[in-house]
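Q: Please take a close look at one part of this model, the place where two of its domains meet, and set it in the context of the chain around it.

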Amino acid sequence: MASLDTRSEAHEVESSMSPVGSEAANSTPNTEFSAPCSPQQKSQILKDTRLSARKKLAQLTLEEKVSLLTAADFWRTKAIPEKKIPAIKTSDGPNGARGGIFVGGTKAALFPCGISLAATWNKALLREVGQHLASETKARSANMLLAPTVCMHRHPLGGRNFESFSEDPFLTGKLAAQYVRGLQENGVAATIKHFVGNEQETHRVTIDTVVAERPLRELYLRPFEIAIREANPWAIMSSYNLVNGVHADMNDHTLKDILRGEWGYDGAVVSDWGGINSTVEALKAGCDIEFPFSTKWRFEKLIEALNKGQITQEDIDRAAENTLTLVERLKGDDMSKEEPEREDNRPETRKLIRDAGGEGLTLLKNVGDVLPLCPNTTNVAVIGPNANRAIAGGGGSASLNPYYNTIPLDSIKKASNKEVVFAQGCHIHKWLPVASPFCTEKSGLPGVNIDWFRGDKFQGDPVVTQRRTNTDLFLWDSAPLSQVGPEWSANVTTYLTTTTTGRHTISFMSVGPGRLYVNGKLEMDLWDWTEEGEAMFDGSIDYLVPVDMEAGKPVELKVELTNELRPIAKQKQFNATHKYGGCRIGFKEEDRVDYIQEAVEAAKAADVAVVIVGLDAEWESEGYDRQTMDLPSDQDKLIEAVVAANPKTVVVNQSGTPVAMPWVDRVPAIIQGWYQGQEAGNALADVLFGAVNPSGKLPCTFPQRIEDTPAYNTWPGENLKVVYGEGIFIGYRHYERCKIAPLFPFGHGLSYTKFEYGRPELLQRSLTADGTIDIVMGISNIGSVDGSEIIQVYVNDEKSRLPRPEKELVAFEKVFLPAGETRHIKLSLDKYAVGYYDTSINSWIAEEGTFRVLIGASSADIRHTSTFEVKESFTWLF
Ligand code: BGC
């Protein structure tokens, strides 16, 4: 939706918070309950779902059919109990199953983020992740996970790159297919998203993605195409943006011609949240279900459109039938009551997450074998802003309230038998940390009180009073709308007590109009704010208020806020006066510590310094893109100072996207740490101390400079248009073509052992439309520790009518090899490995000629080449 938030810290709500129109309250979980997949549900999955959908459709009135085409609330489709049609409950997605409350909901398993999973290149693992996510989804009493995210990494600054897999469509599609399979074989629908052209967050609901047909087919549609061919996701989510001038939810070309037409897709298309943009065109193009509940575009407007002849009965029937097919696939006639959400914190899921984390960690550099560290002899100094806190995921709808977190410093201490010292190094807050740890409400409990008033004028007595534990008050899905109505006002009160005396700082940002009083004095008036910030999707920038405070003496903070839409100009633009409201109060005590000097001392005294740097869920999130590839705050300075103090320095970078590494030549060992979910700390310690041999490889190129990147000149567009001017050359396709040496190439990743690639044998020498080229080759672990290698196969079309990339990834395999062992593997190529999309014939084509097969350990480390022929050109559509 155009308006979701990023943070995942828990809050506690003491009164009902079910959204208007919801069928059941989004209650906080009852952990006692355990809901197995009913036998009835299982048998429904097997029968001919479309046929039964049609039978049910025949019994519905027009109004009932139309009611199925808009959600019943934020997360559920409409139930029609009289006709035995149950509701489907959805849940975000993609690195966990969050459940029905956006911030601070039911605790859930937090898996490594998309790019970390992609760095494993392990198809079997992705399937297992899907299987475990199915159990997690069911534990939230949901049937449909809003995942996987398969948007391409077009540019390193993409705010949601961390959530999706790669810059390569083949790697993305193959992994997504396994993830979908894992979910659906356990009766949970995947909702592959966002279809299509949603590669940036800047202006994401209004940006027009101008993309030529060939890159659209070869890059941006390709992951969807592969996943649909191989795993048939039962749902697909249209994106917010426009594609070549038409919004994605009403785009005939992508939805009708390609998805339903050429690919014959038989699932349901759902809108992104708030992403329907018309009554007639969206339905006709094939966007079946609007999410979340809204009266803006459908219901009687569809009936009016039918009466006016703008849509036909078949249009409504088709969408209703697709919705019913989804319901049949997931629930059949199962009308049992939706159970409360529950936790399902299983040891086997915890293990899988730790293993997946370890497999995704990518060793970029290890000069002089600084790694692995020895737990019995190495004195380690752990330094850095991300060392002593949990950096488990990115922000936005992918965030959730994890069962637990593991913190690198703790995990390293546990893994080491020597003394481990810690130095903070610097802070990287984008906004001041939430004030919650310092705040108590009037009865002395942690948190804030909110007094809610009906109407936006603070009139009468409060109709609801709540206590919440978090001063990040993102109220999008948790205002008590059924009591306060669509226009409301609220007073937030809390008492902030510090442990030190000093000139401290309070921060304040507001979504609607807001005023902050400190000890009764108005300190920040944001009633008519105009400058938009990034937190909370629709909030103001963060304003700082310095306040002199005495240790132990509480300061009263009071905020007045309403849900009127701000900045005021938006009221006209969106034809609405009110939205969801909210505010965020941050706090930081004054500190006069020389963090870098502290870090230098710690590094000097240790055998090895491990510096854990990077980004976090504030810097990388849905809703906005990054502004620069540089590490924020003093991190580069910190690394330079530490490596100067101790040349045995390991840098661990936690981010979902590449960062600039101006210190790369001076630091001997670098690990790309991604966001690894609840086991992030343990997985890192496993690799640092060699309990796990790293085997991750980069799913995206790390460029030297932002200026080298393929979309540098067109990112993020102008006047609400972004032209994908680099065409088919994104990622390594661009660096190879322009002969620009990256910092670390696509597919790169080291191990604590060494692998030798045997000479490949091609079992066939020519490829036909339905044939394969089977490649057999030996791979040996010639080092002294067990390890896994990812063998990558690229193809190069020697001569082609249209320009083609130097290399395209067409097959890969991850192989585990005990030290000293050799295995033979078989990789197969088919027509999809050689085709390109030719717009002069509107079809994929394999052109006759010679193709080179390049087999290597990364896109830049090719160990063997061979060739095969396509003797006669052939074409295909899907
Ligand atoms: C996101 C989707 C998400 C949905 C529901 C939207 O803002 O783009 O990916 O599934 O919200 O939270």
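A: A suitable starting point is the database record: UniProt, in an unreviewed entry, places the feature "domain: PA14" at residues 443-603. In this predicted model, the span 443-603 is 11% helix and 41% strand, and its end C-alpha atoms lie 46 Å apart.

The domain assignment divides the chain into four parts. Domain 1 covers residues 31-330, and domain 2 is made of two segments, 358-427 and 593-700. Domain 3 runs from 436 to 588, and domain 4 from 755 to 876.

The part to be examined closely is the meeting of domain 1 with domain 3. Taken over C-alpha atoms, the centres of these two domains are separated by 34 Å. Eight residues of domain 1 are in contact with four residues of domain 3. Between them, domain 1 and domain 3 bury about 600 Å², and 72% of this area is on carbon and sulfur atoms. On the side of domain 1, Phe74, Phe102 and Val103 supply 64% of the area buried against domain 3, more than any other three residues. The residues on the side of domain 1 that touches domain 3 comprise six nonpolar, one polar and one charged.

The counts of charged and polar pairs complete the description of this boundary. Between domain 1 and domain 3 there are zero salt bridges. The number of residue pairs in polar contact between domain 1 and domain 3, with both residues at pLDDT 80 or more, is likewise zero.

Salt bridges do occur in the model, where the count comes to 61. Side chains of opposite charge can pair when their charged atoms come close. One such pair is Lys56 and Asp333, whose side chains meet in a salt bridge with an N to O distance of 2.5 Å. This pair links distant parts of the chain, its members being 277 residues apart. Lys56 belongs to helix H2 (residues 49-58), whereas Asp333 is in the loop between helix H12 (313-330) and helix H13 (347-360).

A further side-chain pairing involves Glu736, which is placed in helix H20 (residues 732-737). The side chains of Glu736 and Lys807 are joined by a polar contact of 2.9 Å. With its neighbours within four places in sequence left aside, Glu736 is in contact with Glu806, Lys807 and Ser859.

To return to the boundary under examination, domain 1 presents six nonpolar residues on the side that touches domain 3, and zero salt bridges are counted between these two domains.

Technical notes
Residues are numbered from 1 along each chain as its sequence is written. This is a predicted model: local features need pLDDT of at least 70, side-chain atom pairs count only at pLDDT 80 or more; totals for chains, interfaces and linings use all residues. Side-chain values use heavy atoms; hydrogens and water are left out. Domain bounds come from an automatic or database domain assignment. Contact means heavy atoms within 4.5 Å. Buried area is the accessible area (1.4 Å probe) that two parts lose on being put together, summed over both. A salt bridge is a side-chain nitrogen of Lys or Arg within 4 Å of a carboxyl oxygen of Asp or Glu. A polar contact is a pair of N or O atoms within 3.5 Å; within protein, one must be able to donate a hydrogen and the other to accept it, and residues adjacent in sequence count only if both atoms are side-chain atoms. Ala, Val, Leu, Ile, Met, Phe, Trp, Tyr, Cys and Pro count as nonpolar, Asp, Glu, Lys and Arg as charged, and the others, Gly among them, as polar. UniProt positions are given in the numbering used here, feature names are shortened, and annotations may be inferred rather than shown by experiment. Helices (H or I, at least four residues) and strands (E, at least two) are DSSP runs, numbered from the N terminus.
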